[in-house]
Amino acid sequence: MMDMNGIMNGMMAFGWLGLLLGITLLVLVVVGITHLISSRNGGTSDDALSTAGKRYARGDISREEFDDIKRTLG
């Protein structure tokens with residue numbers, strides 16, 4: 001039979017393992033959210049430039065307006 005000391009040591013080991021698992025899960029969630037936010041912000045100017053290019057191709061905006069949009073978006 002196990003004595004009380006052995007049972008407590010086993011419970012503490014699982015407690016530390018659970019804590020480590022929880023911290024790892026939290027870090028993964030934070031990194032995932034950060035990546036999602038940065039990828040959304042990074043694509044905004046490309047999308048806007050693409051839209052401006054399509055508008056210029058259709059004739060909705062002039063060459064000067066298109067050049068101004070390109071300079072603004074960088």
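**Exercise 1. In this predicted model, classify Asp60 as buried, partly exposed or exposed, and name its salt-bridge partner.**

Step 1. The relative accessible area of Asp60 is 45%. Buried requires a value under 20% and exposed a value over 50%, so Asp60 is partly exposed.

Step 2. Asp60 is joined by a salt bridge to Arg58, with 2.8 Å between the closest N and O atoms.

Step 3. Arg58 has a relative accessibility of 58% and therefore counts as exposed. The bridge thus links an exposed Arg58 to a partly exposed Asp60.

**Exercise 2. Find how many salt bridges the whole structure holds, and describe those formed by Asp67 and Asp68.**

Step 1. Searching the whole structure gives three salt bridges. One of them is the Arg58–Asp60 bridge of the previous exercise.

Step 2. Asp67 pairs with Arg63, and the closest N and O atoms are 3.5 Å apart. Both residues belong to helix H3, which covers residues 63–73, and they are separated by four residues, about one turn of the helix.

Step 3. Asp68 pairs with Arg71 at 3.8 Å between the closest N and O atoms. The cut-off for a salt bridge is 4 Å. Asp68 and Arg71 also lie in helix H3, three residues apart, again about one turn.

Step 4. Accessibility can be added for each partner. Asp67, at 22%, is partly exposed, and Arg63, at 42%, is partly exposed. Asp68 has 41% and is partly exposed, whereas Arg71 reaches 61% and counts as exposed.

**Exercise 3. Determine how many aromatic pairs the structure holds, and which helices the partners lie in.**

Step 1. There is one aromatic pair in the structure. Tyr56 and Phe66 form this pair, with 5.1 Å from centre to centre and 10 degrees between the planes. Planes under 30 degrees apart count as stacked, so the Tyr56–Phe66 pair is stacked.

Step 2. Tyr56 is in helix H2 (residues 44–58) and Phe66 in helix H3, so the pair ties together parts 10 residues apart in sequence.

Step 3. The two partners fall into separate accessibility classes. Tyr56 is partly exposed at 31% relative accessibility, while Phe66 counts as buried at 11%.

**Exercise 4. Give the secondary structure of the chain, then describe its surface and the nonpolar patch that includes Val31.**

Step 1. The chain has three helices and zero strands, in the order α-α-α along the sequence.

Step 2. Of its 74 residues, 5% count as buried. The accessible surface is about 6400 Å², and carbon and sulfur atoms account for 67% of that area.

Step 3. A nonpolar surface patch is formed by Met12, Trp16, Leu19, Ile23, Val27 and Val31, which together have about 620 Å² of accessible area. Val31 is located in helix H1, residues 4–42.

**Exercise 5. State the confidence of the prediction for the chain, and find which elements have the lowest and the highest mean pLDDT.**

Step 1. For the chain, the mean pLDDT is 82, and 80% of the residues reach 70 or more.

Step 2. Among the elements, H1 has the lowest mean pLDDT, 81, and H3 the highest, 91.

Step 3. Predicted coordinates should not be read in detail where pLDDT is low.

Step 4. Applied to the earlier exercises, helix H3 contains both Asp67 and Arg63, as well as Asp68 and Arg71. Helix H1 contains Val31, one of the residues of the nonpolar patch.

Note on methods:
Residues are numbered from 1 along each chain as its sequence is written. This is a predicted model: local features need pLDDT of at least 70, side-chain atom pairs count only at pLDDT 80 or more; totals for chains, interfaces and linings use all residues. Side-chain values use heavy atoms; hydrogens and water are left out. A salt bridge is a side-chain nitrogen of Lys or Arg within 4 Å of a carboxyl oxygen of Asp or Glu. Buried means under 20% relative accessible area, exposed over 50%, partly exposed in between (1.4 Å probe, protein chains only). Helices (H or I, at least four residues) and strands (E, at least two) are DSSP runs, numbered from the N terminus. Accessible areas come from the Shrake-Rupley method with a 1.4 Å probe; for residues, only the protein chains shown count as cover. Patches are made of residues with over 30% relative accessible area and no salt bridge: like charges are joined within 9 Å, nonpolar side chains (Val, Leu, Ile, Met, Phe, Trp, Tyr) within 5 Å. pLDDT is the predictor's confidence in each residue, from 0 to 100. Rings of Phe, Tyr and Trp (its six-membered ring) pair if their centres lie within 6.5 Å; planes under 30 degrees apart count as stacked, over 60 as edge-to-face and the rest as tilted.
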